[in-house]
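User: Please take a close look at the salt bridges in this structure and at the parts around them. I am new to it, so keep the account plain and connected.

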Amino acid sequence: MCQEQNCKCKKPYYITTAIAYTSGKPHIGNTYEIVLADSIARYKREQGYDVRFQTGTDEHGQKIELKAAEAGVTPQAFVDQVADQIKQIWDMMNTSYDKFIRTTDKDHEAQVQKIFKKLYDQGDIYKGYYEGLYCTPCESFFTESQLVDGKCPDCGREVQPAKEEAYFFKMSKYADRLIAHINQHPEFIQPVSRKNEMMNNFLLPGLQDLCVSRTSFTWGVPVDFDPRHVTYVWLDALTNYITGLGYDADGSHGELFGKYWPADLHLIGKDIIRFHTIYWPIFLMALDIPLPTQVFGHPWLLQGDGKMSKSRGNVLYADTLVDFFGVDAVRYFVLHEMPFDNDGVISWELMVERMNSDLANILGNLVNRTISMSNKYFGGLVRDGGAAEEVDADLKQVVLESVKKADAKMDELRVADAISEIFNIFRRCNKYIDETMPWALAKDEAKKDRLATVLYNLVEAITIGASLLESFMPETSAKILAQLNASKRTLADMGTFGLYPSGSQVTGKPEILFARMDVKEVLDKVEAMHAAQEAAEQAAGAGNADGAKAGDAVSGAAGNASGAGAAGTAGEAAPIDVEAKPEITYEDFAKLQFQVGEIIACEEVKKSRKLLCSQVKIGSQVRQIVSGIKSCYSPEEMVGKKVMVVTNLKPAKLAGLMSEGMLLCAEDAEGSLSLMVPEKSMPSGAEIC
């Protein structure tokens, strides 16, 4: 272990995200948080910390109980499916969490019961009655004075009068102690604007006792000594941060709790800052546990000029964006476009602009040019020719200063600013090429050593920049270093310019890291995707844009079968009542053409978790149809099937492939799909009427 005074080697660092609520598929704004946390966790590992990174899912509450009932499945089946989908998205985004906790985990539930009893026994929890205005989506009670225009102050939805027996936590007992802690630890709530909001709007006016149990629903952790009650969401959800480390209310804590608590950083959305900076620290005080070092309430990622909302129809999902741009491009965008304490904006146009200007031009073109010139002029050999000039010193200074500045920005959690510093390295490299003009040097044999020095400096600078980029764009970093035949630098080594081994060989043909995109073409694809989704929902009767049902879409030209639904249950499925669509005439129906098709070939669509591409014989023609049914069928299972096809649906491009029809499927309440096949043998092309 390093003996330097400020060495961070092996020092524990515990970072958590808020646990995602399992009411439906998370949108890109939700996904931003896990990517942000991952970038911080990866960087802390680079700094030498022993990082513990925890995320997970919040799975109890009235909202879940209602959604499961609508889907016709048990709450457990519902959350199993959604939790699996959330985990798949987190994994797709290449996040490096160490623990994925679920609040339905038995060890967590057991500790919640013990914590509740402990707080009750010591007099912090008492039984009473609650009468107030309740917001079901937020699972929160409010007084009339707390409402905004008569609606929930957090989400803006309608509230309903509610009265029920409940247990309450004595918040006021610890309020003064919390106020003192916040004043004595200015870093505890960040950014500062969040701290001021909590102090002025909630703590200083006086805290009301907090409802910590419910009797109006059953999907929650039962209060073991009063089983009519279930533990209310925040006492259940917030304690995941300690139960995930092996906290035991009886005192027999696991090794991880002793090693990693208190948490160094709770990373959460600004909309739940109150629960994490008031309720949570007070619970910890009552349990006599140290408070986390910092709670950071990050801003929102907005679509256009408003918060993403399924009901508003302006939701973007990570998997959709990844299908268009790739994982690292999406990671770059959400991290780079989010200011420290103001909301960021995402749009298709801005994504394409960043793809072209930052990723394809500044970064991708730089790497391509450098490797291509090394191959052209020296057969790929990179050596320091020892022919330095004044401009080299400026390049080296910018590179080394950018490393220091990025490091300082990361210590302040200013991730977007840190990425900007890294791209300053790449911008300076591009300028260096313009200043030194390697193509001109190559024409003069006497300047061969100077040309070699220029290319060496470029390779060295890019190696440092790519190494620093690893925390934010890990796959891209690895690709660049592989093409340069370079090892990833440690942060300590990034403080020295000139460590690239002279005489090394770069790869032969450089790989295109990011391809330029045409914004009109992208927007046309998006429009076609949305149109195909609408057509698929109308044709198959599986439209469910708000995610309240088990499945989110159907197989077809839009192909999205990975809905935020419930897992399968054993036995015969219960009947499903589908919301009725508006009545149509026979003339409307007659516009659709249905035929029998035979699948003669099928393969997975690369870089897509849900799409299969089938070649379908319909009469004498063969059509290509892209369908979102990979979760239910393998390519091998598809080949040879006779299926029902909508053959006059307008073609649409999906994941770069043209889809010329739609396969009809049935969808059960659990989100599983079944292809519609003829009962008797029918020839391909037979009309379905």
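Analyst: Lys106 is exposed, because its relative accessible area is 64% and the cut-off for exposed is over 50%. This is a predicted model, and the values that follow are computed from it. The partner of Lys106 is Glu109: their side chains meet in a salt bridge, with 3.6 Å from N to O. Glu109 has a relative accessible area of 15% and therefore counts as buried, since buried means under 20%. The pair thus joins an exposed residue, Lys106, to a buried one, Glu109. Both residues belong to helix H4, which covers residues 106–121. They are three residues apart there, or about one turn of the helix.

Salt bridges can also share partners: Asp38, Arg42, Arg331 and Glu470 are joined into one network in this way. One link in that network can be followed in detail. Asp38 and Arg42 form a salt bridge whose closest N and O atoms are 2.8 Å apart. Like the pair in H4, these two residues sit in a single helix, here H1 (residues 28–46). Their spacing is four residues, again about one turn of the helix. Asp38 has a relative accessible area of 0%, so Asp38 is buried. Arg42 is buried as well, with a relative accessible area of 12%.

A further pair is made up of residues from separate parts of the chain. Arg102 lies in strand S4 (residues 99–102), while Glu59 is in the loop between S3 and helix H2 (62–71). The two are 43 residues apart in sequence, so their pairing ties these parts together. In their salt bridge, the closest N and O atoms are 2.6 Å apart. Arg102 and Glu59 are both buried. Taken over the whole structure, a search finds 36 salt bridges, and the pairs described here are among them.

Arg102 also leads to another residue, Thr57. Thr57 is placed in strand S3, and S3 takes in residues 50–58. With a relative accessibility of 0%, Thr57 counts as buried. Once the neighbours within four places in sequence are left aside, Arg102 is one of the residues in contact with Thr57. The list also includes Phe100, Ile101 and Thr103. Ile19, Ala20 and Thr22 touch Thr57 too, as do Ala83 and Ile86.

Strand S3 has a paired neighbour in S1, which spans residues 12–17. S1 and S3 run parallel and are joined by five bridges. One pair of bridge partners is Thr16 with Gln54, the latter in S3. S1 is paired with strand S12 (residues 265–269) as well, through three bridges and again in parallel. Here Thr17 has Leu267 of S12 as its bridge partner. S1 is mostly covered, with five of its six residues buried.

Helix H1, the site of the Asp38 and Arg42 pair, has a part in a cavity too. H1 and helix H15 (415–436) each supply at least two residues to the lining of the largest cavity. The volume of this cavity is about 110 Å³, and 15 residues line it. Those nearest its centre are Met338, Phe340, Leu413, Val415 and Ala416. In total, two cavities of 30 Å³ or more are counted.

Some totals place these parts within the chain. The chain has 689 residues, of which 55% count as buried. Its secondary structure comes to 21 helices and 27 strands. Of the contacts between residues at least 6 apart in sequence, 75% join residues at least 24 apart. The accessible surface is about 29,300 Å², and carbon and sulfur atoms account for 48% of this.

Notes:
Residues numbered from 1 in each chain as written. Predicted model: local features only at pLDDT ≥ 70, side-chain atom pairs only at ≥ 80, totals over all residues. Heavy atoms only, no water. Buried < 20%, exposed > 50% of the residue type's maximum accessible area, 1.4 Å probe, protein only. Pairing = 2+ DSSP bridges. Contact = heavy atoms within 4.5 Å. Areas by Shrake-Rupley, 256 points an atom, 1.4 Å probe, with all protein chains shown as cover. Salt bridge = Lys/Arg side-chain N within 4 Å of Asp/Glu carboxyl O. 1 Å grid on protein atoms, 1.4 Å probe; cavity = no way out; pocket = protein on both sides within 12 Å on 5 of 7 lines; lining within 4 Å. Points joined across faces, edges and corners; volume = space filled by probe spheres on them.
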